[in-house]
Amino acid sequence: MFAAERRQLILEMVRANGAVSLRELARVVQTSEVTVRRDVRALEAEGLLDRRHGGAVLPGGFTRESGFPQKAHLATAEKTAIADLAASFVEEGEAIVVGAGTTTQELARRLARVPGLTVVTNSLLVAQALAHANRVEVVMTGGTLRGSNYALVGSGAEQSLQGLRVSKAFLSGSGLTAERGLSTSNMLAASVDRALVQAAAEVVVLADHSKIGTDTMFQTVPTDLITRLVTDDPPAHDDRAVTELQALADQGVQVSVAGAQEGTSGPGGDTAPARQQRRDMPLPGPRRQVPGAGLRAATALGEQNGGAERARVADLRRR
């Protein structure tokens, strides 16, 4: 495929989806991410799109949010791996909140197998994924339906969360940086996410590598309040993502990287079910206390692994 044809196809994909990861662009145009990055840079110079960390968006994409149909087809393999790993942090009998998003929807599908679970959510898609789980109780917030992502927002949703206390909140967003934490492009969604955070003792953020280092308009969870980040392995050439992940770990966020699943050989050469591979980045020392954080900060301190995990960071940098 000639460069002009590639770039036209890339531009059409971004126009159709609002935002597309470099990995997905490379897959569709059947070339390397290095070549795609060069094409995206050329299109940006012409003012036809904007580069974002790990992908491309329409001009002005800082304020634009893709709808659910577009998001559902982005980074599907990464979201699956992240959801598999995130589900391992949920225990039988827990009460949790799960926010809106395509990654949290994937998580919900896996939570249907956790007995005695209570899930509070403002997402119709999360509730739908759990609707037929006999051993899971689903509690919906009130609020006004936001059709672009099938989520309940507004004062009704926020008020229904007042006085609620659960063990964990699982949230996703449009971007995540060490400086500002989790952010989103919509003010109403950000406000409800903040209310979800206030209800939880621990905050677990689910974000694929294309969102790492991306900053959007409305902050939802400051870095100080994020207990854990569950993400996927960034591409080998993506030094910026590795640097950002280390910066998050340095600020006390427990970074858990979901790797490829692998099967194990059983008796007679049979292959056992695949198991989720996981790599954690170390916390460097005591996390600074944040006024009002209380139990969330204490939980983060209790998850430190010490210097023995440093080799894993070196391994991530080599990848």
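**A buried lysine, two nonpolar cores and a surface patch**

In this predicted model, a polar atom of the K211 side chain lies 2.9 Å from the backbone oxygen of G173. K211 is found in the loop that runs between β12 and β13 (218-221), and, although buried, this lysine has no salt bridge. The nearest side chain of opposite charge, that of D208, is 4.4 Å away, and K211 and D208 are therefore not counted as a salt bridge, for which the nitrogen must lie within 4 Å of a carboxyl oxygen.

In soluble globular proteins, nonpolar side chains tend to be buried together. Here the largest nonpolar core comprises 30 residues, and those with the most contacts inside it are L171, L176, V205, V221, L229, L248 and V255. Two or more residues are given to this core by each of β9 (166-171), α9 (187-198), β12 (200-206), α10 (239-250) and β15 (254-258), with α9 providing the largest share, four residues. Another core, of 25 residues, lies apart from the largest one and includes V114, V119, V126 and V136.

Buried positions are also found in helix α2 (residues 22-29), where L22, E24, L25, A26 and V29 are buried; the helix is followed by Q30, which has a positive phi, near 60°.

On the surface, L124, M140, L145 and Y150 form a nonpolar patch whose accessible area is about 320 Å² together. Of these residues, Y150 is placed in the loop between β7 (144-146) and β8 (151-153), and Y150 counts as partly exposed because its relative accessibility is 34%.

Notes: Residues are numbered from 1 along each chain as its sequence is written. This is a predicted model: local features need pLDDT of at least 70, side-chain atom pairs count only at pLDDT 80 or more; totals for chains, interfaces and linings use all residues. Side-chain values use heavy atoms; hydrogens and water are left out. A nonpolar core is a set of buried Ala, Val, Leu, Ile, Met, Phe, Trp, Tyr and Cys residues joined through side-chain atoms within 4.5 Å. Buried means under 20% relative accessible area, exposed over 50%, partly exposed in between (1.4 Å probe, protein chains only). Patches are made of residues with over 30% relative accessible area and no salt bridge: like charges are joined within 9 Å, nonpolar side chains (Val, Leu, Ile, Met, Phe, Trp, Tyr) within 5 Å. Accessible areas come from the Shrake-Rupley method with a 1.4 Å probe; for residues, only the protein chains shown count as cover. Lys and Arg count as positive and Asp and Glu as negative; His and the chain ends are not counted. A polar contact is a pair of N or O atoms within 3.5 Å; within protein, one must be able to donate a hydrogen and the other to accept it, and residues adjacent in sequence count only if both atoms are side-chain atoms.
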